[in-house]
Structure formats: C-alpha cells, structure tokens
Amino acid sequence: MPVRLRDLLAESGLALRARTGELGLDSPVSWVAPTELADPAPWLDGGELVLTTGLRLRATAAQEAFVTRLAERGASGIGFGTGLSHTQVPRALLARALRLGLPVLEVSYETPFIALVRLVAERLAAERHGEQRRLVEARDQLTAAVLAGDSLERLLRTLERQIGAQAALLTPDGAELVGRRPRDIAHRYPVQVEGVELAALVAAETPRGELLPYAARLAGLELARRLSYLAGRRALLGRVLTEVLSGGLDEGAAERMLGCYEVELHRPQQVLLGRWAGPARPERAPLLGRLFWHPSRPVSMPGEPGAGRSGGVPSDGPPSVTSAVVEGALLLLVPAGDASAAADVLRQALSRDPLLGPGATVGVGGPGTGVRGLRGSYAEARASLARPSDAGGPAVGGPRLLDLLLDQADPAIRQFGERMLQPLAGFDAQHRADLIGTLQRYLETDGSVQATAEQLFVHRNTVRYRLAQIEELTGRSLASTADRAELWLALQVRERAAEPTRTGVRSR
C-alpha cells in the first residue's frame with residue numbers, strides 16, 4: 001500500500017494535526033520536500049508533501065500564491081511547521097488550501113522535519129521492496145504456467161488473476177487466438193518468434209500493466225517451442241511422404257507408415273502445397289518447417305505430446321490438419337471441402353514476413369481417399385502450383401493434363417522418352433549441332449518451318465535439313481501426329497529432368 005497522509009496522522013509520535021479536516025487525507029505521498037522557497041513548484045514532480053515554516057510567507061498574497069502553485073503542480077499536501085516563523089497556520093493559507101482542495105497538516109515545534117522525511121523514506125522503501133517481491137512472485141507464477149500443460153491457456157488464466165483484468169492472445173489480423181478479446185483494449189504487446197510477430201497480447205485497463213511485457217515474452221517462447229517441435233515433425237513426415245508420393249513404398253507399407261503420424265487416409269482429403277513467390281532463397285528453407293500457417297489454432301498442432309487424436313482440437317471440433325515439408329514446399333493435408341479457406345490462410349502466412357518479400361503461391365489438389373487418392377491430389381496440387389494465376393497475382397491455379405501425366409508416369413515410361421532423344425543429344429554433342437533445340441522450336445510453333453527459322457536465326461533450308469536428320473536418327477516421322485506427340489512428350493520429360501529440384505517430389 002502507498003504511504004497516505006492519513007497514515008502520517010496516525011503516527012502518534014509525530015503529533016500532526018489535520019487543519020483542513022478530511023480533505024485529501026487518502027492522497028498518496030511520493031516524497032517529503034522541506035523548503036523555505038516562496039515558489040518551490042519548479043523543483044517538484046507531483047505527489048510530494050511540502051514542508052515549510054513559512055519563513056518567506058509573511059504577506060497574505062505570498063501565502064495564497066504559495067498554495068496556488070503547489071496545487072497546480074500536484075503536490076499531495078502542505079506540512080506547515082509552527083513555533084518558528086508563525087505561531088499558527090496562517091488563515092489566508094488555510095482558506096486558499098480549502099478552496100483549491102489541498103490538504104494542510106500542522107507540524108508542531110517538537111516534531112523535526114527530518115522525522116517526517118525518515119518515516120516516509122522507510123515506508124516507501126518497504127513498499128518498493130514489497131512490490132518487487134510481488135512482481136517476482138507473479139513472474140514465477142507465469143513461468144510455472146508456461147511449463148505446465150495447456151500452457152498458453154493457463155498462462156492467460158494466471159495473468160488475468162494477477163492483473164485483475166481480461167486478457168487475450170490475438171492473431172496479427174485481430175482474430176482471437178487464446179482467450180476472449182477484451183471489450184476495451186488498453187494494452188497491446190507483440191508476441192514475436194525470430195523477429196516475426198505471430199500474435200499480440202492484449203488486455204483491458206489494469207494497474208498492474210508491468211506484467212504484460214513479461215507475459216508476452218513467455219507466450220513467444222512457448223510458441224517458439226511448439227513451432228520447433230512442429231518443424232521436426234514436419235521434416236520426418238516429409239521424408240515419409242516423399243517415399244509414398246514417389247512410389248517408393250507399396251500401398252500397405254505406405255498406410256502403415258502414415259498411420260504412425262495419424263494420417264487418416266480413409267477420409268476424403270485434399271493436398272495443399274505452398275511456397276514463396278519468386279526465386280528460391282536458401283534462408284527460406286528452414287522457415288517452412290516452423291511456419292505458423294494456421295493463426296486461428298496455434299495450440300492445435302498435430303502430434304504434440306498430449307494432443308491426442310485430434311491434435312489438441314476438441315473432439316467435437318474439425319479434424320486436425322497434417323503438415324509436412326516436401327522438397328521445398330509446405331504440404332497440408334486438409335479435410336475435403338476445407339481447402340479453399342485453408343489456402344487463403346496459408347498464403348497469408350507465407351506472405352507475413354516482410355524480410356522475405358511479399359507474395360506466395362498455393363496449389364490445391366482435388367479430394368481423394370487412400371494412398372492413390374493422396375498421390376493424385378498431390379499431383380494436381382503440384383501441377384496447379386506450377387501455373388501462375390491468370391490475374392497475375394499469387395493465387396490457386398488449375399492443373400494441366402501434361403503435368404499430371406508426367407507426375408504420375410511410370411519410371412520406365414520416362415526412361416523410354418530419354419532413350420528416344422538420346423541419338424539427337426549424342427549428335428549435338430559430337431557435331432556441336434542443335435537438333436534438339438530445332439525440334440523444340442518446330443513443335444512449339446505448330447510445325448512452322450518459317451517460324452522456326454526466324455526464332456533460330458537460320459535459313460529455312462537449314463531447318464528442313466535438320467528436320468530430316470531428326471527423322472532419320474529417331475525413326476519418327478514429323479508428318480505423323482502420333483510421332484510428333486511422342487517426341488513432344490519426350491522433350492517435356494527431358495526438360496523436367498534438367499530442372500533443379502522443384503517443389504514437388506522427383507519421380508524415380
């Protein structure tokens with residue numbers, strides 16, 4: 001409790017008298033300031049009990065001005081010492097003090113000012129020590145709440161008891177994360193993980209706001225712990241999914257392996273793939289594992305100890321979402337029908353960090369069940385991820401038939417396509433020719449010799465000569481639609497194989 005004027009009056013050894021009745025006796029005293037200046041206001045901070053013997057307050061005008069200046073400065077009261085300059089407290093001083101609401105205590109000649117100074121100093125020191133002890137105890141309780149189960153919820157409940165006000169964790173866009181949003185938000189502190197604001201701790205008006213920054217830091221540490229755990233799980237599940245999606249495991253083995261991660265293949269689900277827009281950056285790779293992709297349910301991370309089958313979501317809530325990092329992209333496996341909303345949230349999460357640049361691309365696959373459905377949905381998501389939005393912005397695209405065929409093709413078919421072009425590649429390497437490039441341009445221009453010549457900056461007869469060589473080396477006729485289709489698919493297979501690792505799984 002702070003030191004009040006009433007407390008000083010209760011000290012029998014001081015023999016103080018209240019000359020303005022009950023006026024302002026509950027005012028707290030920040031310090032005791034003895035002075036004989038006619039105007040001590042410039043040296044006051046407010047809340048002081050100003051002690052004076054009135055040595056320079058002989059005239060009525062000086063007494064009234066003295067009271068006025070102290071009241072304007074916010075002093076807690078006046079302690080007027082009698083028996084030296086004045087035998088009693090001046091009437092003009094008392095009248096002005098009553099009019100301005102400033103308490104006046106009479107200090108007898110037998111009570112030295114130093115006694116008042118010492119008493120208040122001791123009380124204030126004890127109060128500060130007690131407040132520090134209470135602050136340490138409160139912080140210890142908040143720390144214990146974080147170390148316990150359901151830590152974010154328990155942290156908020158403990159904090160609310162300590163500050164006597166409502167508090168909550170909100171997402172950066174203002175949605176409720178943990179707790180209920182206060183009607184009137186008076187305090188807001190960011191909750192950051194590695195410099196990125198993932199949430200905000202808000203609270204209603206409270207006299208104990210000093211606890212809020214510490215609670216925000218604890219919330220950040222807890223989110224960092226959960227995301228670190230999630231990153232490890234995403235990496236492990238990503239390795240399993242790489243084998244499953246590339247056909248490295250048969251369906252029975254795949255179901256058993258995914259069952260260890262509580263992936264429920266019997267339910268219709270859709271695959272989402274998300275990545276940052278623009279060229280790949282090495283610093284982004286480890287961030288995918290820790291990406292806080294679902295701001296509305298940070299405590300519902302699948303596979304966390306004690307989360308159970310629902311991953312921390314109540315049993316009557318939506319099914320948990322599986323997430324993994326699969327060769328440069330964040331893969332989400334969501335219940336069929338929830339993909340559109342999840343894609344929007346995922347894109348926002350990918351675009352949240354300003355250091356990595358704005359923009360993100362999200363691909364969505366169709367619903368499917370079982371291992372085959374998972375592979376098909378992944379192929380569609382990967383194909384749509386590779387296609388930019390028609391609107392020019394990062395958006396969900398649709399798959400192309402070619403991408404689906406190449407993603408789902410048997411490895412033997414891919415090898416067959418590579419062998420088909422091997423004679424051309426060998427001829428180009430030996431003679432520094434460009435048969436493969438000529439074939440590519442010829443098929444891309446829908447069989448136009450003129451357009452091919454213009455793009456290659458050669459004569460039309462040169463193009464015709466090269467086409468004849470291509471037919472001879474491959475045994476295919478460029479006049480045949482079927483042969484053209486085979487050669488074009490072979491070129492696409494070769495182009496895919498030459499690309500750096502994509503966001504999807506490399507077929508074997």
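Helix axes are taken here as lines fitted to C-alpha atoms over the stretch in contact, and the angles between N-to-C directions run from 0 to 180 degrees. With that convention in hand, the predicted model can be read from its overall make-up down to its helix pairs.

The chain contains 16 helices and 13 strands. Of its 508 residues, 47% are buried. Contacts that reach far along the sequence are well represented: among those between residues at least 6 apart, 66% join residues at least 24 apart.

A good place to start looking is the interior. In soluble globular proteins, nonpolar side chains tend to be buried together. In this model the largest nonpolar core comprises 33 residues, and L142, L159, I163, L169, V191 and L201 have the most contacts inside it. Two or more residues each come from α4 (113-147), α5 (151-163), β6 (167-170), β7 (176-178), β8 (187-193), β9 (196-203) and α6 (212-245). The biggest contribution is that of α6, which supplies 10 residues to this core. Another core, of 22 residues, lies apart from it and includes L241, V263, A329 and Y378.

L169 offers a helpful view of the surroundings within the largest core. With its neighbours within four places in sequence left aside, L169 is in contact with L152, L156, A175, E176, L177, V178, V191, A200, L201 and A219.

Two of the contributing helices, α5 and α6, also pack against each other, at an angle of about 175 degrees and with their axes 11 Å apart. Since angles over 145 degrees count as roughly antiparallel, α5 is roughly antiparallel to α6. On the α5 side the contact is formed by S151, L152, L155, L159 and I163, and on the α6 side by L212, A215, L218, A219, E222, L223 and R226. By class, this contact has nine nonpolar, one polar and two charged residues.

Further along the chain, α14 (residues 449-456) packs with both α13 and α15. Helix α13 (residues 435-444) and α14 pack at an angle of about 130 degrees, with their axes 8 Å apart. The two helices are therefore oblique to each other, and α13 passes α14 in a right-handed crossing. Here T438, R441 and Y442 of α13 meet V449, T452, Q455 and L456 of α14. The contact of α13 with α14 divides into three nonpolar, three polar and one charged residues.

On the other side of the sequence from α14 comes helix α15 (residues 460-474), and this pair packs at an angle of about 105 degrees, again with axes 8 Å apart. Because angles of 65 to 115 degrees count as roughly perpendicular, α14 and α15 are described as roughly perpendicular to each other. Residues V449, Q450, T452, A453 and L456 of α14 meet R460, V463, R464, R466 and L467 of α15. By class, the residues of this contact are five nonpolar, two polar and three charged. V449, T452 and L456 take part in the contact with α13 and also in the contact with α15.

Finally, a loop residue deserves a look. S85 sits in the loop between β4 (77-81) and α3 (91-100). Its relative accessible area is 16%, and because buried means under 20%, S85 counts as buried. Setting aside neighbours within four places in sequence, S85 is in contact with T53, G54, L55 and R58.

Methods: Residues numbered from 1 in each chain as written. Predicted model: local features only at pLDDT ≥ 70, side-chain atom pairs only at ≥ 80, totals over all residues. Heavy atoms only, no water. Helix = DSSP H or I, 4+ residues; strand = E, 2+ residues; numbered from the N terminus. Parallel < 35°, antiparallel > 145°, perpendicular 65-115°, else oblique. Left-handed = near helix turned anticlockwise from the far one by under 90°. Contact = heavy atoms within 4.5 Å. Nonpolar A, V, L, I, M, F, W, Y, C, P; charged D, E, K, R; others polar. Core = buried A, V, L, I, M, F, W, Y, C linked by side-chain atoms within 4.5 Å. Buried < 20%, exposed > 50% of the residue type's maximum accessible area, 1.4 Å probe, protein only.
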